[in-house]
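Biologist: Got a minute to go through this one with me? I'd like to start with the backbone oddities.
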Amino acid sequence: MKASLLKIIIIQCLTSHWSAGARTNILTVEQPSFLKVTVGKSATFNCSFVTVSPTFTLKWTLCCGDNTPLEKHLVYKDRVILGPSYKEITIINLSEQDTEKYCCHVQTGHGEEGNGNGTLLQVVPDIKYPAGPGIGGCTGNLWLLMEILRLVLLTFIIILLSIIVKKLS
Ligand SMILES: *[C@@H]1O[C@H](CO)[C@@H](O)[C@H](O)[C@H]1NC(C)=O
Ligand SMILES: *[C@@H]1O[C@H](CO)[C@@H](O)[C@H](O)[C@H]1NC(C)=O
Ligand SMILES: *[C@@H]1O[C@H](CO)[C@@H](O)[C@H](O)[C@H]1NC(C)=O
């Protein structure tokens, strides 16, 4: 289900383009170029630009050619949190399939327009070191030490008992 949805999104990415308005001035839009996050965690990043315009519209899309706002995609709709002016975006509960380029598009009330170069988000698996129960590693050594101690103590008690028995008889 999720995989097929992503395929649809990718096709949309390849076929649609962010259409530029007729008379616009280029706005420099900045966003982090790369971000590495672990599966299940969330990623927060910003889009920034300088304008004198008090009004602007900002949207985040999946790959820079897509037109659809990220939060409108089914696979993302419940996982995208946008800040008050949409400048800051948080994507929660990331999976490896979310490894994608996320782009910021801005249009200002002064007719300026700009696209960020995209933030490549890399979602990597959470590597857990196997904690073996018992043998091997530190716990294994501790277990062995306890076992030796137990045997030594047992032998000592047997010897002591046999001495007592001999003395009594
Ligand atoms: C975006 O990429 C272009 C081409 O590589 C580069 O000239 C431009 O400076 C970049 N923009 C930003 C804001 O980093
Ligand atoms: C995004 O920008 C806001 C306002 O400048 C700042 O408070 C916040 O820490 C930034 N977030 C990140 C992830 O850089
Ligand atoms: C996170 O995503 C996984 C699938 O990728 C899902 O099974 C799980 O329920 C999600 N967790 C939350 C807290 O949304």
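Biologist: Is Cys63 buried or exposed, or somewhere in between?
Modeller: Cys63 counts as partly exposed because it has 16 C-beta neighbours inside 10 Å. The cut-offs are 20 or more other C-beta atoms within 10 Å for buried, 12 or fewer for exposed, and partly exposed in between, with C-beta atoms placed from the backbone. Bear in mind that this is a predicted model: local features need pLDDT of at least 70, side-chain atom pairs count only at pLDDT 80 or more, and totals for chains, interfaces and linings use all residues. Residues are numbered from 1 along each chain as its sequence is written, while chains are lettered from A and ligands numbered from 1 in the order in which they are written.

Biologist: And what's the phi of Cys63?
Modeller: It's positive, about 55°, although Cys63 is not a glycine. Most residues other than glycine have a negative phi.

Biologist: Where does Cys63 sit?
Modeller: In the loop between E4 and strand E5 (80–82). Strands here are DSSP runs of E with at least two residues, helices are runs of H or I with at least four, and both are numbered from the N terminus.

Biologist: Which loop holds Tyr86?
Modeller: The one between E5 and E6. Tyr86 also has a positive phi, near 70°, and it is partly exposed, with 17 other C-beta atoms within 10 Å.

Biologist: Switching topic, which residues have the most contacts inside the largest nonpolar core?
Modeller: Val29, Trp60, Leu70, Ile91, Tyr102, Cys104 and Val106, in a core of 17 residues. Such a core is a set of buried Ala, Val, Leu, Ile, Met, Phe, Trp, Tyr and Cys residues joined through C-beta atoms within 7 Å. Strands E4 (56–62), E6 (88–91) and E7 (100–108) each give two or more residues to it, and E7 has the largest share, 4 residues.

Biologist: What does Trp60 touch, leaving aside its neighbours within four places in sequence?
Modeller: Pro69, Leu70, Ile89, Tyr102, Cys103 and Cys104. Contact means C-beta atoms, placed from the backbone, within 7 Å.

Biologist: OK, and what surrounds ligand 2?
Modeller: Thr44, Phe45, Asn46 and Glu88, going by C-beta atoms, placed from the backbone, within 6 Å of it. Strand E3 (residues 43–46) supplies the largest share of that shell, 3 residues.

Biologist: Last one: how many helices and strands does the chain have?
Modeller: 2 helices and 9 strands. Of the 169 residues in the chain, 18% are buried.

Technical notes. Two residues are in contact if their C-beta atoms, placed from the backbone, lie within 7 Å.
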